[in-house]
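Open the model in your viewer and keep the sequence panel beside it. The tour below goes from one selection to the next and says what is found at each stop.

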Amino acid sequence: CQSKHTVRAVVAQPDRAKDRKGNLLPVATKSYALEKGIDVFQFEKIKDAESIKILKSIDCDIMVTAAYGQILNREILDIAPRGIVNVHASLLPKYRGASPVQSSILNGDTETGVTIMRTEEGLDTGDIISYKKVQIGENENSVELLERLSEMGGELLVETLSKMEEQEIIEQKQDESQATKCRLLKKEDGLVEWKEPSAVIHNKARALISWPTAYTHFGDKMLKIFETERIDDLQGNPGEVISAGDDGIVVACGNGAIKIKLLQLEGKNRMKAGDFVRGYRIKSGDFFGKR
């Protein structure tokens, strides 16, 4: 989206990802900024004296953060005359913390949104400046939802900065009685417990598609599950294959069933469920999960 505001510099996390040859890959914000001729700074620890000195030298009116991943102290918060605002991918005070998009899907929410908030020393506790709501699709995964929220957040940010400049914004305190938190995800969060309802397992596959992914076991190997569909009117023994064909593998849950449509067996490439059925002769009565 277009903005009349000038970006003086971009602060990005250090490059950590590597290609197959071991070369460091630039983070996305760094690549985009360099393409536009914008200065980029990367700090291992943003609260170090040298990092703060550099931030002060940028001479900006306001700072903007979005999923930066490092805690800012009071000295940093006070650098820009108009402070720091943050783009957060939830409707605050709901889902303060590191995994708001995944948490909204894990919990089966049908609505989420983006909040522009005042950055303070607490974890996503600052005043709400603006927000926008959006519906979550029944089969929408966290990658798809985050892409939508990112675009919406950028547009809302530009609109909000202009309104702040014209003093058309009244900031609102968050309702602490409604606050919820979400944590960093762990590998074990992806384990599918087939005794759980189909809705829970479907939401897990949608929410954790990037990492750690929903996973079960086929024999002694891990089986990652990337795409599912709920079938609530079927019943069976949890983990049991009810049917298997070109369009997917229907597996019984504690309540209802899910159809697995895209998966990946340990040591193999990601594949459509129909190809997995033919290659491994999956049939009714087989089981997923350790027994």
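Select Thr-119, which sits in the loop between S6 and S7. Helices and strands carry numbers counted from the N terminus, and they are DSSP runs: H or I of at least four residues for a helix, E of at least two for a strand. At 12% relative accessibility, Thr-119 counts as buried. Buried stands for under 20% relative accessible area, exposed for over 50%, and partly exposed for what is in between, with a 1.4 Å probe and protein chains only. Show what surrounds Thr-119: leaving aside residues up to four places away in sequence, it touches Thr-65, Leu-72, Leu-77, Ile-84, Val-85 and Asn-86. Contact here means heavy atoms within 4.5 Å.

This is a predicted model, in which local features need pLDDT of at least 70 and side-chain atom pairs count only at pLDDT 80 or more, while totals for chains, interfaces and linings use all residues. Residues are numbered from 1 along each chain as its sequence is written, and side-chain values use heavy atoms, with hydrogens and water left out.

**The sheet**

Next, select the strands on either side of that loop. Strand S6 covers residues 111–118, and seven bridges join it to S7, the two running antiparallel. Two strands count as paired if DSSP finds at least two bridges between them. To see one position in this pairing, pick Thr-112, which stands opposite Val-134 in S7.

Now add the other strands of the sheet. In what order do the four strands lie? The order is S3-S4-S6-S7, in an open sheet with mixed pairing. Its edges are strand S3 (63–65) and strand S7 (128–135), each of which pairs on one side only. From one strand to the next, the twist averages 15°.

Add helix H5, residues 142–165. H5 packs on the sheet and touches S3, strand S4 (84–88), S6 and S7. The direction of H5 makes about 35° with that of S6; axes are lines fitted to C-alpha atoms, for helices over the stretch in contact, and angles run from 0 to 180 degrees between N-to-C directions.

**An enclosed helix**

Move to helix H6, residues 198–207. Why can H6 be called largely enclosed by the rest of the structure? Eight of its 10 residues are buried, so the rest of the structure largely encloses H6. The buried ones are Ser-198, Ile-201, His-202, Asn-203, Lys-204, Ala-205, Arg-206 and Ala-207. Turn on the elements that cover them, which include helix H4 (100–106), H5, strand S9 (214–218), strand S10 (221–231) and strand S13 (257–265).

**Charged pairs**

Side chains of opposite charge can pair when their charged atoms come close. The structure holds 20 salt bridges, each defined as a side-chain nitrogen of Lys or Arg within 4 Å of a carboxyl oxygen of Asp or Glu.

Begin with Arg-148 and Glu-140, whose side chains meet at 2.8 Å, N to O, in a salt bridge. Arg-148 is partly exposed at 35% relative accessibility, whereas Glu-140 is buried at 10%.

Then select Lys-259 and Asp-247, which form a salt bridge with the closest N and O atoms 3.0 Å apart. Lys-259 is in strand S13 and Asp-247 in the loop between strand S11 (241–245) and strand S12 (248–252), so this pair ties together parts 12 residues apart in sequence. Is each partner buried or exposed? Lys-259 is buried, at 13% relative accessibility, and Asp-247 is exposed, with a relative accessible area of 51%.

Another pair is Asp-232 with Arg-230, joined by a salt bridge of 2.7 Å, N to O. Asp-232 is partly exposed at 42%, and Arg-230 is partly exposed at 33%. For a network of salt bridges, select Arg-74, Asp-78, Glu-120 and Glu-121 together.

**Cysteines and the whole chain**

Select Cys-60, buried at 16% relative accessible area, and Cys-182, buried at 9%. The count of disulfides is zero, where a disulfide is a pair of cysteine sulfur atoms within 2.5 Å.

Finally, zoom out to the chain. There are seven helices and 14 strands in it, and buried residues make up 43% of its 291 residues. The C-alpha trace spans about 65 × 50 × 30 Å along its principal axes.
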